[in-house]
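Here are my notes on the model you sent, set out as numbered points. Please read them with the structure open beside you.

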Amino acid sequence: MSVGDALLAGADFLAALLLLVGLKAMSHPRTARRGILAAGVGMLLALLANLLLDALGRGSLRLVFLAFAALLLGGGLSAALSRRVPMTAMPQMVALFNGLGGAAAALLVFGRVLAGGSPAPLALALAVFAAPVGSASFGGSLVAVAKLQDWRLPAGRLPAHRTLTALLIAVSFALFALALLARAPELRAAAGGFALAVGFLAGVALTVPIGGADMPVVIAFYNGLTGLAVGFDGVLLHSPAMVVAGVVVGASGTMLTQLMARAMNRSLAAVLFRGFGPPAAASGPAEREPLATDPADAAIVLAYAREVVIVPGYGMAVAQAQHKLQDLARLLEKRGVRVLFAIHPVAGRMPGHMNVLLAEAGVPYDRLLDLEEANAALAVAGAVLVVGANDVVNPDARNNPASPLYGMPVLEVTRAPRVLVIKRGRGRGFSGVENPLFTAENVRLVYGDAADVLGRILGALREL
Amino acid sequence: MTDLVVLYLGLLAVLAGYELIARVPALLHTPLMSATNFIHGIVVVGALAALFTAHGTLAVAVAWGALVAASANVVGGFVTTERMLRMFRASREEPPR
């Protein structure tokens with residue numbers, strides 16, 4: 001091993017170490033930012049070492065120029081986009097960058113195919129997996145981006161949609177295996193190119209029928225797939241750093257997929273293949289009419305509670321009401337009311353999205369409670385304010401075996417003596433499931449747009 | 001690196017991944033996903049090597065495409081994660097104005 005090679009190996013090792021240390025620092029919000037900075041240093045180290053010690057030495061001037069052009073083009077566009085995008089659009093960004101990673105992983109393996117030669121059996125098997133999967137992750141992530149952006153896509157399923165999707169996946173694997181094993185360079189190039197295109201279509205076909213409400217699961221799923229594809233690429237390219245980083249991400253994506261699916265009471269298979277079932281007649285006809293109240297009364301309820309728990313849902317984010325919510329929390333705290341936020345795992349459009357939106361509005365992270373902490377706090381709270389959340393506070397999930405939500409972990413808001421629900425209209429949640437919370441005895445509804453109602457409550461509080 | 005060693009390395013990485021991720025609170029799941037996005041951006045290193053070893057126009061074009069996508073992945077992953085994590089504060093700290 002030459003000195004250059006040894007230095008390069010050392011830099012890769014250090015980079016992998018820093019990436020893992022950075023991930024470990026994510027275990028607490030206090031250290032998390034230092035963690036991502038450490039990981040950034042590691043990545044920069046790996047990139048510079050490979051550029052200076054390896055690539056520049058062997059490339060022509062033309063390749064050096066191309067490399068810098070690619071780095072500046074991809075990096076520049078993406079930096080400009082990521083710095084501007086609002087926090088509500090973070091799920092789209094995560095899906096987009098994930099898809100690009102998948103595309104890169106797929107193209108890398110394709111590059112290897114074009115170079116000719118046959119890799120060792122294990123690398124071969126992994127390559128047959130990595131390229132179509134990376135490509136499918138690219139296609140699927142782009143569809144997820146479009147759905148999260150609310151671009152209209154032709155929804156619905158083709159006849160025999162599942163069979164068709166499965167067929168596309170199988171064809172993509174088969175074509176790529178052919179590309180890796182064939183002798184003739186033309187055949188390798190054609191089969192490999194087609195395999196990637198078919199893989200892309202498979203990702204699109206798999207994702208198009210999935211509803212917007214299931215996107216948290218889908219994003220986590222493709223995140224894991226891209227990670228695996230990158231890890232498998234690492235085997236093919238003899239890069240242990242890529243193996244470690246990719247596989248760790250694969251494990252993380254798999255775990256988050258399971259967590260999200262469980263929090264939504266669905267299996268991954270149900271999300272991918274079944275769509276949401278028809279709304280079942282759950283609670284039977286409501287025994288009583290929901291009782292409404294006005295913002296002024298709501299303000300009084302909140303102002304005289306000792307502790308208030310706020311439950312924000314996606315409706316709050318749609319109304320962009322997070323800053324008003326934080327104003328409300330500040331005002332209540334000035335009056336001596338303790339204010340906490342109860343965050344369901346699927347509140348928002350991706351895992352943990354609601355926490356980011358509230359942190360942006362200035363809510364300190366120690367006021368953001370996860371499901372378990374929140375249910376404990378709800379038992380002792382004086383009042384609860386539900387803003388634009390529906391399914392995640394549905395008591396049927398605990399009490400009614402006939403409900404499609406039955407078994408889903410929910411925030412038990414009726415533990416508090418008084419519950420206020422800000423609700424846009426009289427309809428049902430995304431899932432179309434009946435919610436008996438609204439007719440419960442200690443619940444009062446305040447109808448209207450979340451931002452508007454919160455503004456009125458704030459006004460009333462200031463005059464108290 | 002023999003194939004078997006790689007297989008064992010992968011096994012350990014899976015376990016390490018699970019252990020690391022299980023410790024991340026639900027509070028940080030969005031930045032976590034964005035950070036893991038950044039971490040698989042290490043594919044940029046592979047893309048760089050692929051470009052410099054490519055022969056022929058098609059191979060160079062494919063590797064170049066991989067490098068553009070990978071650099072967008074790695075830079076975007078970093079910037080978005082850092083932006084999000086900067087916002088998380090405990091109650092005693094005052095938000096900057």
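1. I begin with the packing around helix α11 of chain A in this predicted model. The elements that cover the buried residues of α11(A) include β1, α13, β4, β5, β6 and α17 (450-463) of chain A. The buried residues of this helix, which spans residues 295-303, are A:Pro295, A:Ala298, A:Ala299, A:Val301, A:Leu302 and A:Ala303. At the start of α11(A), a side-chain oxygen of A:Asp294 comes to within 3.1 Å of the backbone nitrogen of A:Ala296.

2. As for the chain overall, chain A contains 17 helices and 6 strands, and its C-alpha trace spans about 75 × 50 × 30 Å along the principal axes. Of its 464 residues, 57% count as buried. Among the contacts in chain A with a separation of 6 or more, 79% come from residues 24 or more positions apart.

3. The domain assignment divides chain A into domain 1 (1-84), domain 2 (89-276) and domain 3 (295-463). The contact between domain 1 and domain 2 of chain A draws on 8 residues from domain 1 and 7 residues from domain 2. The centres of these two domains, taken over C-alpha atoms, are separated by 24 Å. About 530 Å² is buried between domain 1 and domain 2 of chain A, with carbon and sulfur atoms giving 87% of that area. On the domain 1 side, A:Leu20, A:Leu81 and A:Ser82 lose the most area to domain 2 of chain A, and together they make up 49% of what that side buries.

4. How are the strands of the sheet ordered? In chain A the open sheet of 6 strands follows the order β3-β2-β1-β4-β5-β6, and its pairing is parallel. The edge strands of chain A are β3 (368-369) and β6 (443-447), each of which pairs on one side only. Within the sheet, strand β1 (residues 307-312) of chain A runs parallel to strand β4 (residues 383-387) of chain A, and 5 bridges join the two. A:Val308 stands opposite A:Ala383 in β4(A).

5. Helix α13 of chain A lies across β1, β2 (338-342) and β4 of chain A, and it runs at about 150° to β2(A). A:Gln326 has its place in this helix, which covers residues 322-334. Is A:Gln326 buried or exposed? A:Gln326 counts as buried because its relative accessibility is 5%, and the cut-off for that class is under 20%. A polar atom of the side chain of A:Gln326 lies 3.1 Å from the backbone oxygen of A:Gly362. Leaving aside residues up to four places away in sequence, A:Gln326 touches A:Ala361, A:Gly362 and A:Val363.

6. A:Pro401 deserves a separate look, and it lies in the loop between α16 (396-399) and β5 (418-423) of chain A. Its relative accessible area is 61%, so A:Pro401 is exposed, given that the cut-off for exposed is over 50%. A:Pro401 and A:Phe200 are 201 residues apart in sequence, and their C-alpha atoms are 40 Å apart in space.

How values were computed: Residues numbered from 1 in each chain as written. Chains lettered and ligands numbered in written order. Predicted model: local features only at pLDDT ≥ 70, side-chain atom pairs only at ≥ 80, totals over all residues. Heavy atoms only, no water. Helix = DSSP H or I, 4+ residues; strand = E, 2+ residues; numbered from the N terminus. Buried < 20%, exposed > 50% of the residue type's maximum accessible area, 1.4 Å probe, protein only. Polar contact = N/O pair within 3.5 Å; in protein donor to acceptor, adjacent residues only side chain to side chain. Contact = heavy atoms within 4.5 Å. Pairing = 2+ DSSP bridges. Axes fitted to C-alpha atoms, helices over the stretch in contact; angles between N-to-C directions. Domains from an automatic or database assignment. Buried area = accessible area lost by both parts, 1.4 Å probe.
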